[in-house]
Amino acid sequence: MKLLFINGVNLDMTGVREKGVYGTQTLDEINAEIAAHFKSDECEFFQSDIEGEICDKLHKAKADGIILNAGAFTHYSYALRDAIAAITVPVVEVHMSNVHAREEFRHKSVISEVCKGVVCGFGKNSYILAGESFKL
Ligand code: DQA
């Protein structure tokens, strides 16, 4: 199975920013753990702070499933929403933090409706749980 993990804006700062919320591991370290977990599968990792680059990546995705942590784009990017709606590869929305236990603006996702499901609140394991969902 081919799994594509996409991280959006500011996720490259994981391990550096708000460590109490997102932990102390870098995104590269987290991705290495994800790759080890899914060692029998093909994993691709992509991160960008640029909305259009993520849309392009979604358009061109060749995968059985996409695990997407769009970061703050989640809460307002209709462009990302439309890009997800435009493709047939299923996308699972992921957040490391429990966005519903945080500020009001994080309670709204404009992408959830076009995603297969949502996993949030399990730290780095949110990515693994989302990836596992494609195997059910
Ligand atoms: C996040 C939650 C978002 O609200 C925030 O903007 C992020 C990270 C998470 O993984 O918990 O950048 O997607």
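Which residue of β4 stands opposite Ile-67? Select Ile-67 and look across to β4, where Val-92 is the residue standing opposite. The model is a predicted one, in which local features need pLDDT of at least 70, side-chain atom pairs count only at pLDDT 80 or more, and totals for chains, interfaces and linings use all residues. Residues are numbered from 1 along each chain as its sequence is written, and side-chain values use heavy atoms, with hydrogens and water left out.

**The sheet**

Next select strand β3 (residues 65–71) together with strand β4 (residues 91–95), which pair in the parallel sense over three bridges; two strands count as paired if DSSP finds at least two bridges between them. Helices (H or I, at least four residues) and strands (E, at least two) are DSSP runs, numbered from the N terminus. Widen the selection to the five strands of the open sheet, and the order reads β2-β1-β3-β4-β5, with parallel pairing. At the edges stand β2 and β5 (117–120), each with a single partner strand, so one side of each has no neighbour in the sheet. From one strand to the next the twist averages 20°, where axes are lines fitted to C-alpha atoms, for helices over the stretch in contact, and angles run from 0 to 180 degrees between N-to-C directions.

**The helices on the sheet**

Add α2, which packs on the sheet and touches β1 and β2 (contact means heavy atoms within 4.5 Å), its direction making about 165° with that of β2. Then add helix α5 (residues 125–133), which also packs on the sheet, touching β1, β3, β4 and β5, and whose direction makes about 165° with that of β4.

**The aromatic rings**

Turn now to the side chains, where the structure holds three aromatic pairs; rings of Phe, Tyr and Trp (its six-membered ring) pair if their centres lie within 6.5 Å, with planes under 30 degrees apart counted as stacked, over 60 as edge-to-face and the rest as tilted. Select Phe-5 and Phe-38: their ring centres are 6.0 Å apart and their planes lie at 45°, so this pair is tilted. The pair links distant parts of the chain, since Phe-5 belongs to strand β1 (residues 2–9) and Phe-38 to the loop between α2 (27–37) and β2 (42–47), 33 residues apart. Phe-5 is buried at a relative accessible area of 1%, and Phe-38 is buried with a value of 1% (buried means under 20% relative accessible area, exposed over 50%, partly exposed in between, with a 1.4 Å probe and protein chains only). Adding Phe-45 completes one aromatic cluster of Phe-5, Phe-38 and Phe-45.

Finally, select Phe-73 and Tyr-76, an edge-to-face pair with 6.2 Å from centre to centre and 75° between the planes. Phe-73 counts as buried at 6% relative accessibility, whereas Tyr-76 is partly exposed, with a relative accessible area of 48%.
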